[in-house]
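Okay, everyone, thanks for coming. I'd like to walk you through a few spots in this one, so let's get it up on the screen.

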Amino acid sequence: MNILEKKSQLSYWQRIKIAFQYVMPQLYLTQLAGWFAKQQWGSVTHFVIKLFAKKYNVNMAEAARPAFSDYASFNEFFIRPLAENARPINQNPTALCLPADGRISQIGHIAHDLLLQAKGHYFSLSDLLAGDQALTDTFKHGEFATIYLSPRDYHRVHMPCDATLRQMIYVPGDLFSVNPFLAEHVPNLFARNERLICVFDTEFGKMVQILVGATITASMSTVWAGVVNPPRPNQVTTWRYEGENAIKLVKGQEMGAFQLGSTVINLFEKDHVQLADHLQVDSPVRMGEILAHQK
């Protein structure tokens, strides 16, 4: 079923929901959310955090600081660290771990240069990688996994394996919401949204880990560069990490964070990894559990 056929089966309110994504002031809403998330309003902030946690069923028992009053701002709450050992890291040396909590949006094989976004809906690897032909050629016929982080999830992103960072690419773009419903109905969603592409060398071949921005995802950050956006430049920006500037990260180590949930996409080279058989679309996942095995 193609996108037009899907849209013909939608209810009136579902159509309105999709249309609103195209006309709403995405950037201004995101900037407003970012401003609000920084505010430290004492008991008011704590009360709103409590309401948010209740609405989205956030499990505060696993947080390093479980009391709402422990967070001076929404930003602190959004990127709350977990309690020690809340996410055991799979120690099998031939296994790669899931980078984030959330749900599998899509997972599988890259068919030449096409990735599945939703049932019957594909987008191109080249578009996702901002037209970088060398990177596109590297991951053609490889494997991919897309994980959606909902508002209730832990918002830090970790390393699937030991790796050396070689390149980081900021790609400006739209700020569509990335929830599963819109992933089914907004063409090329992940290839048109703002994103941060991190390229690593690993013993499992080259690996890309992409942080995808979204509406009211106020910022994306990495442990080596801090907050990357804002600001939001209007051009693709690349940082290279070679020689003494190379950055080494270990399996399970934090590599970045979202201030409010979004999506993480991992790319692997052809014939280097076998994705775990139990991972299916909409499977709930937790950081540190197995993602793939060495092939």
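So, look at Asp 101 and Arg 87: their side chains are joined by a polar contact of 2.6 Å. Keep in mind that this is a predicted model. The side chain of Asp 101 also reaches the backbone nitrogen of Met 287, at 2.8 Å. Where along the chain is Asp 101? You'll find Asp 101 in the loop between β1 (95–97) and β2 (102–109). And is Asp 101 buried or exposed? Its relative accessibility is 4%, and buried means under 20%, so Asp 101 counts as buried. Its contacts further along the sequence include Ile 147, Tyr 148 and Leu 149.

Hang on to those three names, because they come back with Ser 262: Ile 147, Tyr 148 and Leu 149 are among the residues that Ser 262 touches. Val 178, Val 212 and Gly 213 are on the list for Ser 262 too. Ser 262 is in the loop between β14 (254–258) and β15 (263–268), and with a relative accessible area of 0%, Ser 262 is buried. UniProt, in an unreviewed entry, lists Ser 262 for "modified residue: Pyruvic acid (Ser)".

Last stop, Arg 152. This one is in the loop between β5 (143–148) and β6 (156–158). At 35% relative accessibility, Arg 152 counts as partly exposed. What does its side chain reach at 2.9 Å? That's the backbone oxygen of Asn 57. Arg 152 also touches Tyr 56, Val 58 and Arg 80. And Cys 198 is 46 residues from Arg 152 in sequence, with 25 Å between their C-alphas.

Key
Residues are numbered from 1 along each chain as its sequence is written. This is a predicted model: local features need pLDDT of at least 70, side-chain atom pairs count only at pLDDT 80 or more; totals for chains, interfaces and linings use all residues. Side-chain values use heavy atoms; hydrogens and water are left out. Helices (H or I, at least four residues) and strands (E, at least two) are DSSP runs, numbered from the N terminus. Buried means under 20% relative accessible area, exposed over 50%, partly exposed in between (1.4 Å probe, protein chains only). Contact means heavy atoms within 4.5 Å. A polar contact is a pair of N or O atoms within 3.5 Å; within protein, one must be able to donate a hydrogen and the other to accept it, and residues adjacent in sequence count only if both atoms are side-chain atoms. UniProt positions are given in the numbering used here, feature names are shortened, and annotations may be inferred rather than shown by experiment. Lists of a residue's contacts leave out its neighbours within four places in sequence.
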